[in-house]
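Me: Could you take a close look at one part of this structure, namely how its first chain is divided and where that chain meets a neighbour? I would like a connected account that I can follow with the model open.

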Amino acid sequence: MTTLRELPEFLDAAFLRGLTQRRITRRGALAGAGAISLGAFLAACGIGGNQPSAATHQNWVWDKAKKTGTLDFGSWPLYIDTAVDSAGNTTYPSLVEFTKETGIKVNYSEPIQDIAEFFAKIAPQLQAGTPIGYDIIVITNSIQLTNLMLKHWLVELDPSKLPNFYKNGSKRVQNRSFDPGNRFTIPWQSGFTGIAYNTKKISREITSYNDLFDPAFKGKVGMFTFTQDTGNLTLLGMGIKPDNSKPSDWQKAADKLKQQRDSGILRKFYDQSYIKALSAGDTVISMAWSGDVYQANLSAGNEDLKFILPKEGGLIWTDNMCIPVGAAHPVDAITYMNYVYDPKVAAELAEAINYITPVPGAKAVVEQDAAAATDADTKQSLTDTANSSAVFPTDADLAKTYYYRTLNPAEATQWNDIFNAVILS
Amino acid sequence: MSTAVPAAAQPRQTPVAAAVSRSRIRPSRLILPAYAHLVILWLFAPIFVMMVFGFNDTHGKFNFTWAGFTLRWFMHPFGIPTLTSAALTSLWTALTATLISTSLGTMLALASHRYDFRGKTILNSVLIMNIAASEVVVGSALLTLFVTYGVGLGYVTIVLAQVMFTIPFVAITVGARLAGTDPALEEAAQDLGATPVVTFFLITLPVIFPGVLAAALLALAISLDDYVITSFVAGNTQTFPLWVFGATREGVPPQVNVIGTLIFTFGVLVAVGGAVYRSWSVRRLARETGFQSR
Amino acid sequence: MAVGTATVRRPALTTRWGRALAPYLLIFPGVAWLLIFFLFPLLTLAVTSLMSGDFVAGFQFTWNFNNYTYGLGLYATQYSHSLEYGASATLIAFLLAYPAAYWIAFHAGPRKSAYLLIILLPFFVSFVLRTLSWETLMGDDGPILGPLKSAHLIPSDFRVLATPIAVTFGLAYTFFPYMLLPIYASLEKIDRRLIEAAEDLFANRVEVFRRVIFPLSIPGVFAGVLLTGIPATADFVNQTLLGGAGTTMIGRVIEQQFEVSANYPLASALAFVFMLGLLAMLLLYQRLFGTDELVRAR
């Protein structure tokens, strides 16, 4: 029953060409070139001039692979539930329960700190046909994820092994423009990109993208250094839907950003440190990610910061679980991917992570947990989670959020060049 | 180091002692020590902030707004196993790399300063290029090299890389020490029949030791703190900077500050302990020899 | 050379032959290491910089010198930012490090090594923590600027963060030990009897410093400037964390082109231009400086 499924429409000719070629393995390339030589090194290296390796777009993964009882899970730091055991060590309760239930032991690690950086690390290994050592990696929708799919470095998922995902996953995350049909990825958690501002420093209500351009906040405005976030949100602010946008629109958006920069309204293009700047008062209004504001207020013990989705529209992004080719334990991996779509597990994760859970049904579980909680602090925190629009967004919020524009490699180059001319100045 | 310095070097103490005693007389002499200590204060300023936030009673993931005092992070400084093992990995890889690169770099410096050989200029240019090379690009090329020849990523590749980029720092630092030192002593020793190896350990090393130590400390600091190249060649192994940098997205937990504080405090204790021991041994030496150093 | 004419029986390495062989034996392990783990990758970098194509279709070697002209044209500003901030940071580090190294070398007595270690200690905790702490300290409403603003000593929109000054001081801080250690190493070896003699001759301490101590420490200064200047110019982390809009340095561009855009040829070309440009400048510096070799710096 496992046959090749439909190819997504954005696949380009180079990829299809790659599919028809015999896969050149590292071993083969080396054997052909004889002993250690620069030629062999260059031919095998990811930046060399050989054709893209036509990786396994085959269902032999699911036909042949067996459960092994081991799972190597590579994720982001602090992106899972944790507890402290009696010896003072951190444990991961949801993983412990998973092992109890399935007998699969999880080697959990947190190697991913930045999607571009992580991609730069795994690309040479995947290009050389070496396993990267993880069965599941968590990758944000991005140019890098598109490249992983185009290079066919991800194992195509078998939907029959993901009943929980199809049953419990929210409609929004089952329909992601960058991976139509959920062929290669399913969500881990999602978040919004919108605007955050300091209510102590700004008395009026912020509602619009254009508030980021208000001269009243001169030198106190933060934008993201990430071309995807900044570019797409600016397009939305100008009333253009990212997926309908053309390079001429991108240029218009970049010009708008350039003006903001040159007039001194913009303080800086921030990376994740934007939240620190906002908390410290270095900025008073900034582009922001949804979960951070909740955490910043919690950390500071106040409610000074507020996150909004601009009325022109906000962005939704998703960190996605996927199985890299060469993964040693794919069955164990997909078992886990299905497992986290159990509302109970999803609730456990949501309570700890506070980003948008892909399982709306988890809300009821969190409410039950809150009702059952005995100490006041826990009760309060669980109630907050259940009512948080950052974890369980309303349909109205979801309706006005868009994924980044999906970019093929040529477009990605153009996109980055246009926006980096302003951001990387 | 003076414990390692042969007795012949001891008379050097005289002018230093003279300078110290004179500095008590003229107030203008206070400017220099004051300046030096201000520089140290500047170096320590961010460390104080780091320590303070190890006591921050934060309830969220972020630890940069003061929310009250607590000791709870100090109760379980090693409560995050991945962080602890990352710190240990850092320590071992950096120490190994320092040992190797200090040896290799010192040999390069010795060759450069004691001998003439073909390709010296090329060697020096390579050292410069090494420091100037973009870490991202070199890291990636190195990763490709390891992957192509099937070198498993982890401890070994981290050490290989860290030695590679610390060698020039050692060679140049030791070189600065060697520059202008008189090779007459070494030649004399060799004329008296000492083998080059014996000459090195008995004559050269004691003379250049402060330079070698400085170079080793520099190599250690660079290796311990390296992020970019290490991140490329570490595979699934985590080092302390890798872990901490990764945590910035979701918020650096206070345990990181606690571990930083512990490392720092340990270092200060070692430094102070060493200083106390050394002034004690200098005084004992003075007593035994009847030589007044102060 | 006295070595060759001596009559006592000598170990092999002190003969003329050994004398010729010794440097090669000494440099062999270090050179081999650099050859395999630096030069070999560097060669692939040079090859890559002349490729064309894109990530998914693959890159082909085509003698594409366009990467160089295109990159230089597009990022001249960022190259000049790098040189500007790198040079200022080196100067600041020198002004801070020399007196400190001098004091430790001549006046710290038996506490010398302790001071050395103390100065190095901040660099044993992660740079991320140090930089986060600087951000906290120098914040617009932080513990330093906050009170000054409340007292109306500085204008309320004054800031340090997100300016070139913050970048420069961040760089000077990060690479401070690279400046201090070589200077210390060369000051510490100065024969105290020389100073004593000089004091007898000039009596004036400024003259002693100018005529004896500083000239003798020049190899250390030279090494310190190299070790600080080069990585400070290449760095991008400080600028990313402490700089504002319009302060981007070339290291950041290379990183972005490599990691985000996956444009390996352009990134390699930019890196190569940077490396060779810096090398050329240093060779010129060395020529002006009047030393015969960079490391030797006699």
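Reply: In this predicted model, the centres of domain 1 and domain 2 of chain A, taken over C-alpha atoms, are separated by 27 Å. Each of the two domains is assembled from two stretches of sequence, with domain 1 covering 60–190 and 317–384 and domain 2 covering 191–314 and 398–423. Where the domains touch, domain 1 of chain A contributes 13 residues and domain 2 of chain A likewise 13 residues, and on the domain 1 side these residues comprise 5 nonpolar, 6 polar and 2 charged.

Turning outward from chain A, 36 of its residues are in contact with 40 residues of chain C. Several elements of chain A give two or more residues to this side, including helix H1 (13–20), helix H3 (38–44), helix H6 (115–127), helix H7 (143–150) and strand S8 (266–270), and also helix H12 (274–280) and helix H19 (409–423). Of these, H19(A) supplies the largest share, 5 residues, while by class the side of chain A that touches chain C has 17 nonpolar, 11 polar and 8 charged residues.

For context, chain C is also met by chain B, with 105 residues of chain B in contact with 96 residues of chain C. On that side of chain B, the largest share, 15 residues, comes from helix H12 (residues 254–289) of chain B, and the classes there are 72 nonpolar, 26 polar and 7 charged residues.

Technical notes:
Residues are numbered from 1 along each chain as its sequence is written. Chains are lettered from A and ligands numbered from 1 in the order in which they are written. This is a predicted model: local features need pLDDT of at least 70, side-chain atom pairs count only at pLDDT 80 or more; totals for chains, interfaces and linings use all residues. Two residues are in contact if their C-beta atoms, placed from the backbone, lie within 7 Å. Helices (H or I, at least four residues) and strands (E, at least two) are DSSP runs, numbered from the N terminus. Ala, Val, Leu, Ile, Met, Phe, Trp, Tyr, Cys and Pro count as nonpolar, Asp, Glu, Lys and Arg as charged, and the others, Gly among them, as polar. Domain bounds come from an automatic or database domain assignment.
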